[in-house]
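Got the model open in your viewer? Let's walk through it one selection at a time.

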Number of protein chains: 2
Amino acid sequence: MSIDHDQDCPGLLPEPPTAELQLVCVLHALADPMRLRIVAELAGAGGDELNCLAFELPVTKSTMTHHFRVLREAGLIRQHRRGTSKMNALRTEDLAARFPGLLEAVLAALPHCPRGADAPPPAGVAAGC
Amino acid sequence: MSIDHDQDCPGLLPEPPTAELQLVCVLHALADPMRLRIVAELAGAGGDELNCLAFELPVTKSTMTHHFRVLREAGLIRQHRRGTSKMNALRTEDLAARFPGLLEAVLAALPHCPRGADAPPPAGVAAGC
DNA sequence: GTCAAACTACGAGGTCTGTCGTACTATGGC
DNA sequence: GCCATAGTACGACAGACCTCGTAGTTTGAC
């Protein structure tokens, strides 16, 4: 997995280019209830950027950092700094270009997805197997 | 994850009913190169059933058993005994009913998928991250 | 300069996963 | 009954993963 640094947008964190997105990595990144919840909330935000604390995840900040990094290194989200915050956005178009229909199918399969960022899921996206 | 035993088809191994398929479990089952390869070959077989040894995976039999069980318990494949063999088939319709478009998107995203079971991938579906 | 906020780095822990080898259980053919 | 075939059960191991706590960095406000 190569991470390109040649984006000249200031504050943008390194991420894999669209052509190098790996299906196994994307599926692995999505195969976790916490990360699926992050992706769902980002999708529910309708393209808006959210900072890490906006998700109110039931884990510590360092665990949050871990999950956001997994998502970014898999190519699912884009992150850039703004002040002391880090803003997150779904790479919807890149994913649609590389894996057409995949993100849409995953989002459609999510339970309780009311298309709004102000309706946090009660406990978690899925309780696990 | 509940496994139902109330199928009266003889030799059918227990599997989760369609309504109880979990997105996280399905994604986790797909997030492995070996299992993705199994799913790809089953899809390439066009609905035909294949026994476990037909896949010629570069792992031992016990590892193969492990991967087939993960796929079956996630609801991706259906298994039933025939003589000394165990036949495997993709649960295409069940998956399409529960997660519309998901399996199609994953299969479309697979590299080297020539729509034929007689063209085994050279080394693996994906080398990993 | 000082402080708080937001995030990261690092290490540690416990758990899960993928793989193997060996022993074992059907099943079917002779 | 005996044997080969196909697959399972079980234990073991290394490595990856998820989580946490603590310490550190960066940024902006005062």
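Start by selecting DNA strand C and showing its atoms within 4 Å of the protein: 68% of them belong to sugar or phosphate, and the rest belong to bases. Keep in mind as you go that this is a predicted model.

Now bring up the protein around DNA strand C. You should get 22 residues, with Lys61(A), Thr65(A), Lys86(A), Thr60(B) and His67(B) as the closest. Colour that surface by class and you'll find four nonpolar, 13 polar and five charged residues. Which elements each supply at least two residues here? In chain A they are H3 and strand E3 (85-90), and in chain B they are helix H2 (33-44) and H3.

**Polar contacts to DNA strand C**

Zoom in on Lys61(A) first. An N or O atom in the Lys61(A) side chain sits 3.2 Å from a base nitrogen of DNA strand C. Next, click on Thr84(A), and look at the backbone this time: an N or O atom there is 3.4 Å from a sugar or linking oxygen of DNA strand C. Then hop over to chain B and pick His66(B), where a polar side-chain atom lies 3.1 Å from a phosphate oxygen of DNA strand C. So that's a base, a sugar or linking oxygen and a phosphate to label, for Lys61(A), Thr84(A) and His66(B) respectively.

**Over to DNA strand D**

Swap the selection to DNA strand D. Of its atoms within 4 Å of the protein, 65% are sugar or phosphate atoms, with bases making up the rest. There are 21 residues around DNA strand D, and the nearest are His67(A), Leu53(B), Lys61(B), Thr65(B) and Lys86(B). By class, this surface has three nonpolar, 13 polar and five charged residues.

Three residues are worth showing as sticks. What does the side chain of Lys61(B) have 2.6 Å from one of its N or O atoms? A base nitrogen of DNA strand D. Go next to Ser62(A), which has a polar side-chain atom 3.1 Å from a base oxygen of DNA strand D. Thr63(A) reaches a phosphate instead: a polar side-chain atom there is 3.0 Å from a phosphate oxygen of DNA strand D. To see which elements give two or more residues to this surface, highlight helix H3 (61-74) of chain A, then helix H3 (61-74) and strand E3 (85-90) of chain B.

**How H3(A) packs in chain A**

Hide the DNA for a moment and keep H3(A) on screen with helix H1 (residues 23-30) of chain A. Their axes come within 9 Å and cross at roughly 155°, which makes H1(A) roughly antiparallel to H3(A). The crossing is left-handed. For the contact itself, select Cys25(A), Val26(A) and Ala29(A) on H1(A), and Val70(A), Leu71(A) and Ala74(A) on H3(A). This contact comes out as six nonpolar residues, with no polar and no charged ones.

Now add helix H2 (residues 33-44) of chain A. The axes of H2(A) and H3(A) come within 10 Å and cross at roughly 70°, so the two helices are roughly perpendicular. H2(A) passes H3(A) in a right-handed crossing. Pick out Met34(A), Arg35(A), Ile38(A) and Val39(A) from H2(A), then His66(A), His67(A), Phe68(A), Val70(A) and Leu71(A) from H3(A), to see the contact. The classes here are six nonpolar, two polar and one charged. While you're there, note that Val70(A) and Leu71(A) take part in the contact with H1(A) as well as the contact with H2(A).

**Last stop: chain B**

Finish by selecting H2(B) and H3(B). They pack at about 70° with their axes 10 Å apart, so they are roughly perpendicular to each other. What is the handedness of the crossing of H2(B) and H3(B)? It is right-handed. From H2(B), show Met34(B), Arg35(B), Ile38(B) and Val39(B); they meet His66(B), His67(B), Phe68(B), Val70(B) and Leu71(B) of H3(B). That contact has six nonpolar, two polar and one charged residues. Turn DNA strand C back on and you can pick up two of these H3(B) residues again: His67(B), among the closest to the strand, and His66(B), with its contact to a phosphate oxygen.

Conventions. Residues numbered from 1 in each chain as written. Chains lettered and ligands numbered in written order. Predicted model: local features only at pLDDT ≥ 70, side-chain atom pairs only at ≥ 80, totals over all residues. Heavy atoms only, no water. Near = heavy atom within 4 Å. Polar contact = N/O pair within 3.5 Å; in protein donor to acceptor, adjacent residues only side chain to side chain. Helix = DSSP H or I, 4+ residues; strand = E, 2+ residues; numbered from the N terminus. Nonpolar A, V, L, I, M, F, W, Y, C, P; charged D, E, K, R; others polar. Axes fitted to C-alpha atoms, helices over the stretch in contact; angles between N-to-C directions. Parallel < 35°, antiparallel > 145°, perpendicular 65-115°, else oblique. Left-handed = near helix turned anticlockwise from the far one by under 90°. Contact = heavy atoms within 4.5 Å.
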